[in-house]
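Student: I'd like a close look at one part of this model, the place where the two chains meet. Could you walk me through it and then show me what sits behind it?

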Amino acid sequence: MKKAIALFLAAVLTVSGVLALLSGKAFPIPNFGALSSSSFSVGIESFLSENLPERDKLSQLAVRLLYLSGRREFDGVFLGEDGSLLKNIEAPETDTIEASADAIGDFISDHRAGACVMLIPTAVIIKQQEINSAAADRLYNQRHMISEVYADLSGKAVTVDVYQSLFAHRSEYIYYNTEENLTSLGGYYVYSEYASALNLRVRPISDFNIAYAAHGFQGSLASGALGEYASGDFIAMYAYTQYEREYTVTHTAADGTRTVQEGLYDRQTAWNDPTDILLGGLTPITEIETNGPYEEWLLVFGDETAKSWMPFLANHYAHITFIDLAAAPDSMLAAIRVSDYQQVLFAYSADTFLEGAGLDRLTLLTE
Amino acid sequence: MQLYSLTFLYLFLPVSLALFLITPAKWRSAALFLISIAFYGLSQPDQFLIFCGMLVLQYALSEGLRRTEGSPRLHKAIYVFGIMENAGAMILFSALNQITGRAIPLGTMVVAFTSLGYLVDVYKYDAEYETNFFRFGLFLGFFAKLYRGPLVRIDNLWKKPIPPKPTLEQIGNGLVKFIRGLAKYVLLSVPIGQVCADLKAADELTVVGAWMVMITFAMKIFFDLSGFCDMARGLGLCFGLELPKNFWFPFQSASVTEFFSRFNMTVTEFFHYYVYDNLKSEKPTPLQDALNTSLVCMLAGVWFGIRMNFIVWGLYIAAFILLEKWFLGRYLERIPRFFTGIYTFCVTMLSMVIFSADSLGEMLRYFGAMFGFSAIFSTAETAYDISGSVIPLIAGAVLLTNFMSVLIHKLRRRSPSVGGAYDLVMSTVLLALCTAYLL
């Protein structure tokens with residue numbers, strides 16, 4: 001019997017390794033530099049991790065076992081009671097928060113534009129009732145961080161408190177279950193707070209027609225084996241019905257390529273990320289032009305959350321320019337004329353803000 | 001690459017085993033030495049030269065001793081230098097680890113201890129010199145034992161002049177043992193260690209929390225050490241080397257003396273042989289006995305690194321061994337094993353406070369909480385941390401005892417073929433689970 005065990009186990013180890021090597025993917029090439037710096041070993045390990053036969057099933061098996069063990073947090077993602085996946089946020093370096101707040105403050109002082117700051121809490125803190133109370137007690141206090149940043153910027157910019165509004169609506173579908181982003185409904189509540197803070201007339205939700213797409217999709221948080229336990233998502237597209245409006249969305253890629261899209265939503269393209277239906281996704285620079293009665297221009301520095309709330313803002317501005325500071329090349333940033341805009345908005349989700357969001361690159365905008 | 005990596009499992013092991021098996025007998029030592037060196041180079045490239053330097057230096061010392069047999073003063077000088085050099089290396093690496101936080105290079109403690117023993121053996125004519133560089137290098141640096149041992153003496157390792165070609169049965173046994181060790185580390189030590197870290201990070205130290213920190217810490221240490229030793233023994237069998245057993249269910253001992261003799265056995269025996277036996281007199285006074293026992297226990301603590309809490313841990317264990325020897329032992333013999341087991345468990349768990357503490361203040365805080373001086377018995381946070389890893393904790397608790405071992409032993413005796421089938425199925429399942437966790 002021991003002979004059979006030896007042959008079987010040796011065969012399993014050898015055949016699995018050979019099948020991984022035959023997967024057709026590029027195997028790391030050893031050279032002196034790679035060998036002496038461990039990068040060769042690290043490369044082989046990740047090659048095997050990605051190409052071992054039945055890796056997805058094995059990965060699923062690990063998650064199932066952890067789930068059976070009672071685990072409800074997987075690599076920093078909580079599995080909520082309602083089937084939502086909630087990404088945890090680690091406590092950041094306080095220096096990063098201060099540096100980001102200072103960068104915004106300096107920009108406002110330099111450009112003297114009407115500025116507004118909106119930090120959006122993530123799902124894990126708003127929907128903390130969905131996770132174990134002991135785990136919830138340990139969550140990073142996003143509300144406190146937002147208050148501190150707002151206190152730093154008081155007198156320099158209008159600060160928008162969206163925390164309370166989102167928390168009040170926490171039992172509604174305001175965050176995707178499997179994606180780290182607000183849904184369009186969540187975006188509407190954020191827009192409402194922004195509009196109130198700037199004394200714009202908030203359009204009631206009844207002014208919009210809602211169409212749905214991508215029923216049951218699973219986002220990036222559900223990639224791997226967690227999707228089995230998560231509820232699916234859908235995309236809601238809000239169309240303003242009170243007046244005839246035409247919207248043109250222009251995307252500028254990092255290489256300068258521009259594409260123009262008519263309307264706020266693109267259902268025709270087969271998107272890898274279904275949330276890109278909204279605005280056709282976001283590029284380093286995304287512009288929206290609206291043929292409404294408004295003449296003001298809005299400059300937005302933001303992140304992926306803009307997909308949820310920017311369609312609503314399009315009803316209040318003639319032109320909105322969205323800039324992803326982390327992705328836009330230097331030359332693109334230098335070409336922006338801040339003086340063309342009557343209003344500037346900094347809008348980031350708490351986790352993007354804590355990671356810096358590329359705000360140190362604001363100094364590249366000179367005009 | 002580590003012993004517990006996919007690279008080792010699915011590439012390095014099959015390739016190196018195949019190369020070893022097709023190598024002619026006279027080159028087998030050299031082949032296995034080169035496999036060990038290649039493993040080290042791939043796993044610790046930044047420490048590769050330190051490791052090779054250590055092996056060459058130890059070989060030079062051995063040759064120096066051998067060639068100066070006719071010059072007693074020079075012979076002794078080389079011997080003393082060898083002892084001091086190895087002790088110095090241990091102190092230096094431990095000190096660097098504590099001061100700079102730089103990890104102790106893999107295997108340096110094992111190599112230094114093994115070499116110390118070898119130098120004493122050959123100096124005292126208890127063993128013959130190993131003149132073949134490859135065999136000497138393997139004795140010190142066989143890759144599988146570099147992590148946590150076991151410690152070997154040259155006479156125990158080289159029972160035959162060349163490593164015999166392992167039979168298929170031995171390879172089968174070796175792979176089963178290796179996968180069992182891998183599972184102990186990947187499926188038990190790592191997740192239980194995470195529970196321990198989470199409990200330790202809790203805002204409030206509760207009575208239950210403090211005990212659970214120490215229990216999970218003990219489990220983590222045990223499954224880490226015994227897991228790596230099982231891996232080493234399993235790989236040793238695959239490559240024709242028989243390495244000694246290092247653990248024998250220490251946490252179900254009936255006394256601290258028994259615990260000490262079952263925990264990290266090769267290290268305890270090493271110090272018994274090289275220190276205790278050399279110091280003891282025919283009729284030792286209680287003071288001599290106390291000093292010798294304390295020294296051995298203290299050195300057994302130093303095996304984990306030269307830190308004050310490891311030394312104090314050794315002295316704490318020594319105190320109970322002496323108490324049992326002089327006074328407690330006769331009472332323990334009369335008490336049912338269940339109760340002596342509880343006594344040993346409590347003493348060893350309290351010893352974990354000393355072993356794991358980062359400071360004196362932390363140590364006192366944990367002792368206080370474990371004896372009920374904490375304001376809170378337990379919190380939801382403690383329950384949450386434990387509830388996230390129920391299966392590893394239950395499996396770990398069962399595997400701390402010999403319950404499963406006895407059961408399987410009986411099964412094998414009753415029906416060898418069923419026992420074999422169990423080994424095959426269990427090894428395959430454990431391999432799949434380990435792979436799943438390593439992905």
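Tutor: Sure, let's start with the overall area. Chain B and chain A bury about 3800 Å² between them, and carbon and sulfur atoms give 72% of that. Keep in mind that this is a predicted model. On the chain B side, Tyr10(B), Tyr384(B) and Leu439(B) lose the most area to chain A, and together they make up 18% of what that side buries. In terms of head count, 46 residues from chain B and 44 residues from chain A take part in the contact.

Now for the polar side of things. The rule finds 2 salt bridges across the interface of chain B and chain A. One of them pairs Arg138(A) with Glu381(B), whose closest N and O atoms are 2.6 Å apart. There are also 7 residue pairs in polar contact across this interface, counting pairs with both residues at pLDDT 80 or more.

Which pieces of chain B do the touching? Helices α1 (6-22), α2 (28-43), α8 (168-200), α16 (380-387), α17 (390-399) and α19 (416-438) each supply at least two residues of the side that touches chain A. The largest share, 12 residues, comes from α19(B). Sorted by class, that side of chain B has 28 nonpolar, 12 polar and 6 charged residues.

Next, the cores. In soluble globular proteins, nonpolar side chains tend to be buried together. Here the largest nonpolar core holds 145 residues, and the members touching the most other members are Leu3(B), Phe8(B), Phe142(B), Phe143(B), Phe239(B) and Ile317(B). Helix α9 (residues 207-238) of chain B gives this core its largest share, 17 residues. Zoom in on Phe8(B) and, leaving aside residues up to four places away in sequence, you'll find contacts that include Leu13(B), Pro14(B), Phe39(B), Phe143(B), Phe178(B) and Leu235(B). A second, separate core has 100 residues, among them Ile125(A), Val160(A), Met237(A) and Tyr238(A).

Finally, a quick look at the partner, chain A. Its secondary structure comes to 13 helices and 13 strands. The C-alpha trace of chain A spans about 85 × 50 × 45 Å along its principal axes. Of the 367 residues of chain A, 52% count as buried. As for how the chain A contacts are spread along the sequence, take those with a separation of 6 or more: residues 24 or more positions apart account for 71% of them.

Methods:
Residues are numbered from 1 along each chain as its sequence is written. Chains are lettered from A and ligands numbered from 1 in the order in which they are written. This is a predicted model: local features need pLDDT of at least 70, side-chain atom pairs count only at pLDDT 80 or more; totals for chains, interfaces and linings use all residues. Side-chain values use heavy atoms; hydrogens and water are left out. Contact means heavy atoms within 4.5 Å. Buried area is the accessible area (1.4 Å probe) that two parts lose on being put together, summed over both. A salt bridge is a side-chain nitrogen of Lys or Arg within 4 Å of a carboxyl oxygen of Asp or Glu. A polar contact is a pair of N or O atoms within 3.5 Å; within protein, one must be able to donate a hydrogen and the other to accept it, and residues adjacent in sequence count only if both atoms are side-chain atoms. Helices (H or I, at least four residues) and strands (E, at least two) are DSSP runs, numbered from the N terminus. Ala, Val, Leu, Ile, Met, Phe, Trp, Tyr, Cys and Pro count as nonpolar, Asp, Glu, Lys and Arg as charged, and the others, Gly among them, as polar. A nonpolar core is a set of buried Ala, Val, Leu, Ile, Met, Phe, Trp, Tyr and Cys residues joined through side-chain atoms within 4.5 Å. Buried means under 20% relative accessible area, exposed over 50%, partly exposed in between (1.4 Å probe, protein chains only).
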